[in-house]
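Trainee: I should like a close look at a single part of this model, namely the charged side chains that pair with one another. Please take me through them in one connected account, with whatever context is needed to read them.

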Amino acid sequence: MTAMTDADPVDARPHTPLWTLKACQLLGSAAWACFGRFINVFWSDIGVTRTEVGILSLSNLVAAFIGQLFWSMVTDRLGEYKRVLVGTSLAGTVIIFFNMVPAVQSSFWLLAAVSVSSSFFLSTGGPIIDAMCVSVLKEQESEEQYGDQRLWCAVGWGGMSLIAGQLIDTFGISFMFWGFASIQSMYLSVCLFYMPMAKDRGQQNEQTVSLKQFLTFDVAWFFANLFVYGLAMSVVENFLLVFLNEDFDNTPKLLLGASTAMMCFFEVPVFKYVEKVWANNKDRLTSVLMACKVVLAFRCICYTLLPASNPWLVLLIEPLHGFTFAAMWSATVEYGQRIAPPGCVARMQALVNGLYSGVAMGLGTAMWGPLVMQPPKGLGFWNCFRLDAAAIVIWGIIWQMGLMIRRRSKAARSAAMITAEQPLAEITPSA
């Protein structure tokens with residue numbers, strides 16, 4: 001019989017089923033909708049002051065950012081996702097239950113230790129799953145795209161956001177922990193029983209890459225854009241519900257949940273179809289990112305036109321979230337993978353998630369918090385939305401100019417190299 005070739009074992013290696021990618025996105029976001037959205041309420045209920053809540057929130061962002069970088073490097077080094085996802089999710093889920101211990105609740109420092117450690121372990125949910133989606137789709141050369149997987153995150157977050165609050169009202173604040181753990185158990189089951197151990201062997205043999213290889217103009221300009229966009233989006237993401245609750249007449253709590261659900265609902269079709277825009281022309285990625293800035297500016301201006309007597313009109317504006325977040329995020333993930341050093345899929349996605357969700361959103365909250373206060377203490381929401389719209393358009397122009405200069409520089413260098421490589425006979429005039 002003919003001996004087996006070296007490729008046979010590789011071809012026999014089990015692939016990660018695509019449905020597991022969707023399940024991880026759905027269950028991970030649904031679990032976090034139970035816990036992450038209500039942790040501030042829990043802290044308030046046990047007597048944590050607003051100053052301490054601010055310290056805990058900032059500490060969690062820092063711990064999550066460090067955790068994303070650390071676990072992404074572990075993932076790249078191991079060459080597979082399963083052990084990282086299962087180990088960190090199990091550890092983080094166990095740790096959050098220490099919040100229910102009376103001794104922890106009565107000590108700020110114990111509470112901070114529990115909060116920071118759980119954030120460190122649970123930080124893998126976003127970047128590692130996103131990186132896994134990108135890698136698996138590439139390995140299998142699937143016709144499905146990243147957006148086909150990521151839209152299930154919007155389904156899980158939006159769906160659970162509608163019912164989690166009602167369940168907490170019915171069963172008490174402790175439901176946030178039990179609800180989180182119940183959904184996490186399903187998530188862990190998917191990872192344990194249906195996810196193969198190893199990634200593609202070609203990725204396991206990639207050379208070791210240092211963070212210094214991220215220090216290029218393309219990567220730096222990409223991160224600068226993501227950071228500024230995150231600052232601009234933070235006033236919408238973090239203060240919109242406060243705006244509706246404080247600056248309008250008799251805003252029902254139902255509207256607050258409905259606005260979040262509307263955002264998530266319109267993320268789904270955008271995640272599903274936006275990648276068709278750049279499917280045949282990757283240069284369109286930067287055009288999509290620029291269009292998102294324009295739509296964000298328009299969205300902010302629309303908020304300033306809402307009459308104080310009718311807050312329900314905000315539901316006509318929230319469909320724009322599909323463009324200002326879903327389109328931006330899909331284009332950002334794709335662009336980030338294009339410019340990432342070889343073998344750094346998880347690390348690049350961790351930097352993207354950490355910079356946007358942690359650094360930009362955290363600093364944006366600290367920046368916009370004092371500004372949205374009513375004059376004379378601040379500018380007020382109306383002026384902040386106008387300022388945000390102007391700032392993101394100005395940045396968009398600066399960013400486009402940087403890309404244009406970069407393209408011309410590359411073209412000039414390419415032309416010079418071609419000229420230098422031409423044979424002397426081709427560039428010397430004949431006698």
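Mentor: The account below begins with the confidence of the model, proceeds to the salt bridges and closes with the aromatic rings and one peptide bond.

The model is predicted, so local features need pLDDT of at least 70 and side-chain atom pairs count only at pLDDT 80 or more, while totals for chains, interfaces and linings use all residues. Residues are numbered from 1 along each chain as its sequence is written, and side-chain values use heavy atoms, with hydrogens and water left out. The protein chain has a mean pLDDT (the predictor's confidence in each residue, from 0 to 100) of 80, and 86% of its residues reach 70 or more. In residues 1-13 the pLDDT falls below 50, and this stretch has three contacts (heavy atoms within 4.5 Å) beyond near neighbours in sequence. Residues 199-207 also have pLDDT below 50, with 15 such contacts in the model.

Side chains of opposite charge can pair when their charged atoms come close. A search of the whole structure finds three salt bridges, each defined as a side-chain nitrogen of Lys or Arg within 4 Å of a carboxyl oxygen of Asp or Glu.

One of them joins Asp148 to Lys272, at 3.2 Å from N to O. Asp148 belongs to helix H9 (residues 146-171) and Lys272 to helix H13 (residues 253-273), so this bridge links parts of the chain 124 residues apart; helices here are DSSP runs of H or I with at least four residues, numbered from the N terminus. Asp148 is buried at 10% relative accessibility, whereas Lys272 is partly exposed at 38%. Buried means under 20% relative accessible area, exposed over 50% and partly exposed in between, with a 1.4 Å probe and protein chains only.

Asp218 and Arg406 form another bridge, their closest N and O atoms lying 3.2 Å apart. Because Asp218 is in helix H12 (residues 217-246) and Arg406 in helix H17 (residues 381-421), this pair ties together parts 188 residues apart in sequence.

Arg299 and Glu318 also form a salt bridge, with 3.2 Å between the closest N and O atoms. Arg299 is in helix H14 (residues 284-304), and Glu318 is in the loop between H14 and helix H15 (321-339), 19 residues away. Arg299 is buried at 0% relative accessibility, and Glu318 is buried with a relative accessible area of 0%.

A charge may also sit over a ring, if NZ of Lys or CZ of Arg is within 6 Å of the ring centre and within 35 degrees of the ring normal. Lys293 lies over the face of Trp399, 4.0 Å from the ring centre.

Rings also pair with rings. Rings of Phe, Tyr and Trp (its six-membered ring) pair if their centres lie within 6.5 Å; planes under 30 degrees apart count as stacked, over 60 as edge-to-face and the rest as tilted. The count comes to 31 aromatic pairs. Among them is the tilted pair of Trp71 and Phe120, 5.7 Å centre to centre with 50° between the planes. Trp71 lies in helix H4 (residues 50-78) and Phe120 in helix H7 (residues 108-122), so this pair ties together parts 49 residues apart in sequence. Trp71 is buried at 14%, and Phe120 is partly exposed at 23%.

Finally, the peptide bond from Pro375 to Pro376 is cis, with omega near 10°. Pro376 lies in the loop between helix H16 (345-371) and H17.

Definitions and conventions
Helix = DSSP H or I, 4+ residues; strand = E, 2+ residues; numbered from the N terminus.
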